[in-house]
Amino acid sequence: MSTNWPPLRTSTDADMQLADALLDKADALLKRHRAADRTSASAPQHPADDLPLLTDVVADHNPAAAPSAVLVPPQPEPVQQQSKQALLAETLIQLDTDIGREVETWLATELPQILSRELGGLADRIRKETLAQLRATLLPALSERIASEFDSGDE
């Protein structure tokens with residue numbers, strides 16, 4: 001039982017040097033990000049400091065396959081700006097809660113007094129209008145009936 005393994009590629013010194021250089025750059029980038037993460041909580045950063053800059057062009061082994069343009073990813077908002085927005089959002093939520101609580105407290109205190117005054121005034125107006133209507137319509141009708149009873153009794 002034999003397996004057909006692909007032939008081993010022998011690397012040249014140039015390939016090894018290129019690989020070592022790329023690994024060194026990757027290590028340097030990782031160290032820079034770790035250091036930035038440790039200092040980001042204690043000191044404000046410049047917005048451009050949290051993104052690595054591409055300063056070297058890495059040649060591909062196949063120059064025909066190299067891209068013609070370099071794509072730049074969209075830059076996230078700076079950490080400091082995000083924390084300001086989060087703080088503002090928390091402040092607005094707290095303010096909304098406080099305003100809602102104050103409105104409920106005010107309504108619970110003031111609304112019964114307002115309703116009592118208005119209902120008292122409404123009851124007073126209804127009593128006055130009822131008495132005026134009674135005097136305008138019921139009293140003349142009663143007076144006329146009483147007068148007709150006396151007139152019929154005299155005969």
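This is a short tour of one protein chain, with a suggestion at each stop of what to select next.

**The whole chain**

Begin with everything displayed, and keep in mind that you are looking at a predicted model. If you colour the chain by secondary structure, you should find two helices and zero strands. Now switch on the surface, which comes to about 14400 Å² of accessible area, with 61% of that area belonging to carbon and sulfur atoms. Of the 155 residues in the chain, 1% count as buried.

**Helix H2 and its tryptophan**

Next, select residues 79–153, which make up helix H2, and look within this helix for Trp106. Is Trp106 buried, exposed or partly exposed? Its relative accessible area is 49%, and because the partly exposed class ends at 50%, Trp106 is still counted as partly exposed.

**The nonpolar patch**

Keep Trp106 selected and add Leu88, Leu92, Leu95, Ile99, Val103, Leu107, Leu111, Leu115, Leu119, Leu122 and Ile126, for together with Trp106 these residues make a nonpolar surface patch of about 1100 Å².

**A first charged pair**

Side chains of opposite charge can pair when their charged atoms come close. By the distance rule used here, the count comes to three salt bridges. To see one of them, select Asp98 and Arg101, whose side chains meet with 3.5 Å from N to O. Why can these two be described as about one helical turn apart? Asp98 and Arg101 lie three residues apart in helix H2, so about one turn of the helix separates them. Asp98 itself counts as partly exposed, at 32% relative accessibility.

**A linked group of charges**

Move along to Asp124, and show its side chain together with those of Arg127 and Lys128. Which residues does the network of salt bridges link? The network joins Asp124, Arg127 and Lys128, and you can trace it by taking each contact of Asp124 in turn. The side chain of Asp124 meets that of Arg127 in a salt bridge of 2.8 Å, N to O, while the salt bridge between Asp124 and Lys128 spans 3.5 Å, N to O. Along helix H2, Asp124 and Arg127 are three residues apart, and therefore separated by about one helical turn; Asp124 and Lys128 are four residues apart in helix H2, which again corresponds to about one helical turn.

Before leaving this group, colour it by accessibility: Asp124 is partly exposed, with a relative accessible area of 30%, and Arg127 is also partly exposed, with a value of 47%.

Conventions: Residues numbered from 1 in each chain as written. Predicted model: local features only at pLDDT ≥ 70, side-chain atom pairs only at ≥ 80, totals over all residues. Heavy atoms only, no water. Patch = residues over 30% accessible without salt bridge, like charges linked within 9 Å, V, L, I, M, F, W, Y side chains within 5 Å. Areas by Shrake-Rupley, 256 points an atom, 1.4 Å probe, with all protein chains shown as cover. Salt bridge = Lys/Arg side-chain N within 4 Å of Asp/Glu carboxyl O. Buried < 20%, exposed > 50% of the residue type's maximum accessible area, 1.4 Å probe, protein only.
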